[in-house]
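Hi,

Here is the structure I promised to send over. Have a look at it first, and then read my notes below.

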Amino acid sequence: MPEDLALESNPSDHPRASTIFLSKSQTDVREKRKSNHLNHVSPGQLTKKYSSCSTIFLDDSTVSQPNLRTTIKCVTLAIYYHIKNRDANRSLDIFDERSHPLTREKVPEEYFKHDPEHKFIYRFVRTLFSAAQLTAECAIVTLVYLERLLTYAEIDICPTNWKRIVLGAILLASKVWDDQAVWNVDYCQILKDITVEDMNEMERHFLELLQFNINVPASVYAKYYFDLRSLADDNNLNFLFSPLSKERAQNLEAISRLCEDKYKDLCKAAMRRSFSADNFIGIQRSNAILS
């Protein structure tokens with residue numbers, strides 16, 4: 001019974017549980033609104049377009065085919081709030097950049113005492129996604145795995161470990177979600193100073209801490225997508241809206257059907273890859289998990 005209750009309270013497993021990143025962002029959003037109200041700050045010119053009886057405005061991002069650039073911005077903003085509003089500095093050695101540096105250049109100790117800015121996190125993630133040609137859906141699954149790790153392992157994401165935690169989540173998400181998985185050795189071509197052995201070890205630890213639960217239900221994926229859109233609205237990350245034409249409506253309907261079929265196939269594949277800890281030998285033999 002307690003395990004069932006724990007599952008229901010975990011947003012990465014249960015569709016009714018609130019996402020952690022959205023909860024952590026609300027404190028800043030409320031403070032910003034309060035400050036604007038007290039200082040009589042005008043919200044500025046209204047630039048968002050709204051639908052009417054004659055015209056429907058839509059952006060180019062859908063739950064089945066999100067906009068890549070905007071999704072990465074939202075996901076990295078979620079990571080930023082995780083770091084900024086963390087409860088403590090609980091970590092594990094495998095994710096500590098001081099013990100397992102991503103670069104041969106010596107990083108000043110002062111670097112680990114300050115929270116990274118959103119733009120710095122965005123550049124790091126965007127570089128990986130651009131070089132590995134990853135999809136927007138992979139970015140959303142990355143955030144699901146990140147919150148699952150923090151919940152299961154009872155750790156915090158902080159200045160000393162955020163890069164390796166994000167890298168591990170991207171690594172796993174790309175293998176589970178994308179049709180053409182990126183091998184660990186490929187990431188070593190992007191991050192020149194990291195070794196394949198280090199990547200493999202980090203991936204093994206990540207999987208163990210997730211208890212080999214790599215399944216992402218459609219309802220959980222959709223919840224994270226819409227909560228990311230809410231985060232964008234709260235932080236003035238604008239989507240590009242344009243009028244919905246008949247041709248575009250037909251295209252969206254066709255894309256939705258194709259993506260629905262793709263998601264069903266991927267869910268079946270993910271279930272086949274999700275092993276228990278007792279079957280870890282099976283995972284070691286799988287090219288989908290370890291390079």
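**Helix H3 and its surroundings**

The crossing of H3 and H4 is right-handed. H3 covers residues 68–84 and H4 covers residues 118–132. Their axes lie 9 Å apart, and the packing angle is about 130 degrees. That puts H3 oblique to H4, because the angle falls outside the ranges that count as roughly parallel, antiparallel or perpendicular.

One thing to keep in mind throughout: this is a predicted model.

H3 has a second partner in H5, residues 136–153. Here the axes are 8 Å apart and the angle is about 15 degrees. With an angle under 35 degrees, H3 therefore counts as roughly parallel to H5. This crossing is left-handed, whereas the one with H4 is right-handed.

**Inside H3**

How far does H3 reach from end to end? Its end C-alpha atoms are 24 Å apart. The 17 residues should span 24 Å at 1.5 Å a residue, so the helix agrees with expectation.

H3 is also mostly covered, with twelve of its 17 residues buried. Among them are the aliphatic-looking names you might guess, including Ile 72, Val 75, Leu 77, Ile 79 and Ile 83. Thr 70, Thr 71, Tyr 81 and His 82 are on the buried list too.

At the N-terminal end, Asn 67 acts as a cap: one of its side-chain oxygens sits 3.2 Å from the backbone nitrogen of Arg 69.

Thr 76 is worth a click as well. This residue belongs to H3, and it counts as buried because its relative accessibility is 0%, under the 20% cut-off. Its side chain makes a polar contact of 3.0 Å with the side chain of His 118. H4 runs over residues 118–132, and H4 is one of the helices that H3 packs against.

**Cysteines**

How many disulfides does the structure hold? Zero. Two cysteines I looked at are both buried: Cys 74 has 2% relative accessibility, and Cys 138 has 0%. Cys 74 is one of the buried residues of H3.

**Over to H9**

H9 takes in residues 218–234, 17 residues in total. Its first and last C-alpha atoms are 24 Å apart, close to the 24 Å expected at 1.5 Å a residue. Its buried residues include some charged names, such as Lys 223, Asp 227 and Arg 229, along with Tyr 221, Tyr 224 and Tyr 225. Val 220, Leu 228, Leu 231 and Ala 232 are buried there too.

Asp 233 is also in H9. Is this residue buried, exposed or in between? It is partly exposed, because its relative accessible area of 46% lies between the 20% and 50% cut-offs. The C-alpha atoms of Asp 233 and Cys 74 are 10.0 Å apart, although 159 residues separate the two along the chain.

**Positive phi values**

Most residues other than glycine have a negative phi, so I made a note of the exceptions. Gln 211 and Phe 212 come one after the other, and neither is a glycine. Gln 211 has a positive phi of about 60 degrees, and Phe 212 likewise has a positive phi of about 60 degrees. Gln 211 sits in the loop between H8 (196–209) and H9, and Phe 212 is found in that loop too.

Which of the two is buried and which is exposed? Gln 211 is exposed, with a relative accessible area of 54%, whereas Phe 212 counts as buried at 4%. Past the other end of H9, Asn 236 also takes a positive phi of about 60 degrees.

**H6 and the overall picture**

H6 is mostly covered, with 16 of its 16 residues buried. The helix covers residues 162–177 and reaches 22 Å from first C-alpha to last, close to the 22 Å expected at 1.5 Å a residue.

Stepping back, the protein chain has eleven helices and two strands. From the N terminus on, the order of elements is α-α-β-α-α-α-α-α-α-α-β-α-α. Buried residues make up 46% of the 291 residues in the chain.

Cheers

How values were computed
Residues are numbered from 1 along each chain as its sequence is written. This is a predicted model: local features need pLDDT of at least 70, side-chain atom pairs count only at pLDDT 80 or more; totals for chains, interfaces and linings use all residues. Side-chain values use heavy atoms; hydrogens and water are left out. A disulfide is a pair of cysteine sulfur atoms within 2.5 Å. Buried means under 20% relative accessible area, exposed over 50%, partly exposed in between (1.4 Å probe, protein chains only). Helices (H or I, at least four residues) and strands (E, at least two) are DSSP runs, numbered from the N terminus. The expected span of a helix is 1.5 Å times one less than its number of residues. A polar contact is a pair of N or O atoms within 3.5 Å; within protein, one must be able to donate a hydrogen and the other to accept it, and residues adjacent in sequence count only if both atoms are side-chain atoms. Axes are lines fitted to C-alpha atoms, for helices over the stretch in contact, and angles run from 0 to 180 degrees between N-to-C directions. Angles under 35 degrees count as roughly parallel, over 145 as roughly antiparallel, 65 to 115 as roughly perpendicular and the rest as oblique. A crossing is left-handed if the near helix is turned anticlockwise from the far one by less than a right angle, and right-handed if clockwise.
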